[in-house]
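The following note sets out points for a colleague who is examining this model. It takes up the fold, the enclosed and open spaces, and two individual residues.

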Amino acid sequence: VHAALRLLGNRRFAAVTICSILFSFAQISDAFVYLLLQRRYDFQLGFFPLLSLGTAIGYIVLAVPFGRFADRVGRARVFLLGHVALLVVYVLMEHGPHGWPFLFVILAIHGSFYAATDGVLMAYASPLIPEHLRTSGMAVIQTGNAVSNLASSTIFGLVWTVWGPGTAVGGFGVALVVALVLGLVMLPIRSRS
């Protein structure tokens, strides 16, 4: 454990870890995304479990193309673009057109966010970690993300309860913009490595 945590002394690994934690904090959990979509599009609760299927289909269709795209243009660029897609989801959840077709569009964009970030982050971080600590180093990143997601969900739920869902989504949209700006500063996007 101590050897894995000492990886944070590596400036580039620390930058990736911090950026990943910031983005995880700005990410509204899937459960809240689906609740917001149910509220906006007012469909029967029996269809609620199918929303995750829409996100999963978007991910399945786009994961390999985004992976290949990241290999060509750079993993940091695709990782950041994935979070731009998430920002689009936030905007559409609050201000997008009504109607079932737009619900499917939002779910597809939500799936593209995962396709552009999940595996791409690990591929980006992997070369920064010594081989004998690679799995431990990735676990450090994922643990930070999990703790950040827990804090994020708690705060989002509290803000929704006290000030309403619109304020919660708007606040997290601002947090995501801040994370994107910091990501542009902290992650080198000029090179493909």
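1. A definition is needed for the pockets discussed here: a pocket is an open set of grid points with protein on both sides within 12 Å along at least five of seven lines, and its lining residues have an atom within 4 Å of a point. By that rule, the second largest pocket is lined by Phe47, Leu50, Leu51, Leu53, Gly54, Ile57, Gly58, Trp100, Leu103, Phe104, Leu107 and Ala108. Helix 4 and helix 6 are the elements that give two or more residues to this lining. The largest share, 6 residues, comes from helix 4. The second largest pocket holds about 180 Å³ of space, and its lining divides into 10 nonpolar, 2 polar and no charged residues.

2. The model is predicted. Its protein chain contains 8 helices and 0 strands, and the pattern along the sequence reads α-α-α-α-α-α-α-α.

3. As to overall dimensions, the radius of gyration of the protein chain is 17 Å, which agrees with the value near 16 Å for a compact globule of 193 residues. Along the principal axes, the C-alpha atoms fill a box of roughly 50 × 35 × 30 Å. Of the contacts with a separation of 6 or more, 81% are between residues 24 or more positions apart.

4. Burial and surface may be considered together. Buried residues make up 43% of the 193 residues. The accessible surface of the protein chain comes to about 10100 Å², and carbon and sulfur atoms account for 70% of that area.

5. The largest pocket has about 230 Å³ of space. Its lining comprises 15 residues, among which Ser24, Gln27, Asp118, Leu121 and Asn145 lie nearest the centre. Helix 2, helix 5, helix 6 and helix 7 (134–163) each supply at least two lining residues, with helix 6 giving the largest share, 6 residues. By class, the lining of the largest pocket has 6 nonpolar, 8 polar and 1 charged residues.

6. How many cavities of 30 Å³ or more does a search of the whole structure find? The search returns 1 such cavity, and the largest cavity contains about 50 Å³ of space. Its lining is formed by Val16, Cys19, Ser20, Arg75, Ala76, Phe79, Val120, Leu121, Tyr124 and Leu187. At least two of the lining residues come from each of helix 2 (11–25), helix 5 (75–95) and helix 6 (100–125). The classes are 8 nonpolar, 1 polar and 1 charged. Leu121 belongs to the lining of the largest cavity and also to that of the largest pocket.

7. Is Phe32 buried or exposed? Phe32 has a relative accessible area of 18% and therefore counts as buried, the cut-off being under 20%. The residue is placed in helix 3 (residues 30–41). Apart from neighbours within four places in sequence, Phe32 is in contact with Ser153, Phe156, Gly157 and Trp160. The C-alpha atom of Phe32 is separated by 30 Å from that of Thr135, which is 103 residues away along the chain.

8. Asp42 deserves inspection of its backbone: although it is not a glycine, Asp42 has a positive phi of about 50°. Asp42 is found in the loop between helix 3 and helix 4 (49–73). With a relative accessibility of 65%, Asp42 is exposed, because the class begins over 50%.

Note on methods:
Residues numbered from 1 in each chain as written. Predicted model: local features only at pLDDT ≥ 70, side-chain atom pairs only at ≥ 80, totals over all residues. Heavy atoms only, no water. 1 Å grid on protein atoms, 1.4 Å probe; cavity = no way out; pocket = protein on both sides within 12 Å on 5 of 7 lines; lining within 4 Å. Points joined across faces, edges and corners; volume = space filled by probe spheres on them. Helix = DSSP H or I, 4+ residues; strand = E, 2+ residues; numbered from the N terminus. Nonpolar A, V, L, I, M, F, W, Y, C, P; charged D, E, K, R; others polar. Buried < 20%, exposed > 50% of the residue type's maximum accessible area, 1.4 Å probe, protein only. Contact = heavy atoms within 4.5 Å. Rg over C-alpha atoms; globule rule 2.2 N^0.38 Å. Areas by Shrake-Rupley, 256 points an atom, 1.4 Å probe, with all protein chains shown as cover.
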